[in-house]
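Visitor: I've got a protein to look at and plenty of "how do you know" questions. Can we go through it together?

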Amino acid sequence: MADKKRILVIEDEAEMIDLTRIVLEREGYAVIGAVGGTRGLELIKQEKPDLVLLDLMMPDIGGWEVYRQVKANSELADIPVIVVTA
């Protein structure tokens with residue numbers, strides 16, 4: 001996993017994380033899944049992924065708040081974030 005680009009998927013539906021993982025791992029990426037914004041923030045800080053795919057509508061911490069906290073943190077602000085939402 002060290003040589004693969006790591007993508008963190010933050011989503012409130014585990015099935016969507018699994019589907020995204022299947023597609024991206026076929027393309028050679030390492031995928032980390034986080035159910036919910038709280039867990040997603042923890043994993044961003046721990047893993048410092050190469051990219052974050054972020055759902056907006058989550059019951060605990062919404063995606064915009066996750067985004068705001070990531071971009072306000074100088075150690076994390078350079079991580080690209082793509083918003084993926086219905």
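Guide: Sure, starting with the surface: the protein exposes about 5200 Å², and carbon and sulfur atoms supply 54% of it. Those areas come from the Shrake-Rupley method with a 1.4 Å probe, where for residues only the protein chains shown count as cover. Keep in mind that this is a predicted model, where local features need pLDDT of at least 70 and side-chain atom pairs count only at pLDDT 80 or more, while totals for chains, interfaces and linings use all residues. Residues are numbered from 1 along each chain as its sequence is written, and side-chain values use heavy atoms, leaving out hydrogens and water.

Visitor: What makes the protein as compact as a globular protein of its length?

Guide: First, the elements run β-α-β-α-β-α-β from the N terminus on; helices (H or I, at least four residues) and strands (E, at least two) are DSSP runs, numbered from the N terminus. The radius of gyration, taken over C-alpha atoms, is 12 Å, close to the 12 Å that the globule rule gives for 86 residues, so the protein is as compact as a globular protein of that length. That rule is 2.2 Å times the number of residues to the power 0.38.

Visitor: Why does Glu11 have no salt bridge?

Guide: A salt bridge puts a side-chain nitrogen of Lys or Arg within 4 Å of a carboxyl oxygen of Asp or Glu. For Glu11, the nearest side chain of opposite charge, Arg21, is 12 Å away, so the cut-off of 4 Å is not met. Glu11 lies in strand S1 (residues 6-11).

How values were computed
Buried means under 20% relative accessible area, exposed over 50%, partly exposed in between (1.4 Å probe, protein chains only). Lys and Arg count as positive and Asp and Glu as negative; His and the chain ends are not counted.
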